[in-house]
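Dear colleague,

Please find below the structure that I am handing over to you, together with its sequence. My findings follow it.

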Amino acid sequence: MMAKELDGLDTEGRLPEAADLDKMSTLEQLELISRQDRVAVEAVEAARAQLARAVDLAAQRLRDGGRLIELGAGTPGRLAVLDAAECGPTFGADERVIAVMAGGSDAVRNANERNEDD
């Protein structure tokens, strides 16, 4: 995808309600965050059947000796790294859950937003 096409995606836009975030009181900011949290919960609820299927398929592949590879950029990449690091001790998945982050391991600590859309 070209940069211009990426700019048109909802995920790349700004949240109109947060346009004056820096001018909001702390309470207003927290109310906005709370409302957006509900949007996320509703999206997961709407997709729960598809998510359950994806989880079941991934779990079966792991049981069969396969791997789960998580990909991400920016904050989602960092969360993928964190999740992969926890899967070994928590679930005994050891090195079968792998995270790949745009920008490589250096991007975990040092934001390099230019790698995000590469």
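A residue is called buried under 20% relative accessible area, exposed over 50%, and partly exposed in between, with a 1.4 Å probe and protein chains only. Helices (H or I, at least four residues) and strands (E, at least two) are DSSP runs, numbered from the N terminus.

The model is a predicted one, in which local features need pLDDT of at least 70 and side-chain atom pairs count only at pLDDT 80 or more, while totals for chains, interfaces and linings use all residues. Residues are numbered from 1 along each chain as its sequence is written, and side-chain values use heavy atoms, with hydrogens and water left out.

In helix α4 (residues 74-91), the buried residues are G74, G77, A80, A84, C87 and G88. They pack against two strands, β1 (68-72) and β2 (97-101), a contact being heavy atoms within 4.5 Å. The helix has 18 residues and reaches 25 Å from its first C-alpha to its last, close to the 26 Å expected at 1.5 Å a residue; the expected span is 1.5 Å times one less than the number of residues. Just after α4, G92 takes a positive phi of about 70°.

Helix α3 (residues 48-63) has 16 residues, and its reach of 22 Å between first and last C-alpha is close to the expected 22 Å. G65, just after α3, has a positive phi of about 95°.

E45 belongs to helix α2 (residues 26-46). This residue counts as partly exposed because its relative accessibility is 43%. Its C-alpha is separated by 27 Å from that of I98, which is 53 residues away along the chain.

As for the protein overall, five helices and two strands are present, in the order α-α-α-β-α-β-α along the sequence. The radius of gyration, taken over C-alpha atoms, is 18 Å, whereas a compact globule of 118 residues would have one near 13 Å by the rule of 2.2 Å times the number of residues to the power 0.38. The C-alpha trace spans about 50 × 30 × 30 Å along its principal axes. Buried residues make up 14% of the 118 residues. Of the contacts between residues at least 6 apart in sequence, 50% join residues at least 24 apart.

The exposed area is about 9400 Å², of which carbon and sulfur atoms supply 55%, by the Shrake-Rupley method with a 1.4 Å probe.

With kind regards
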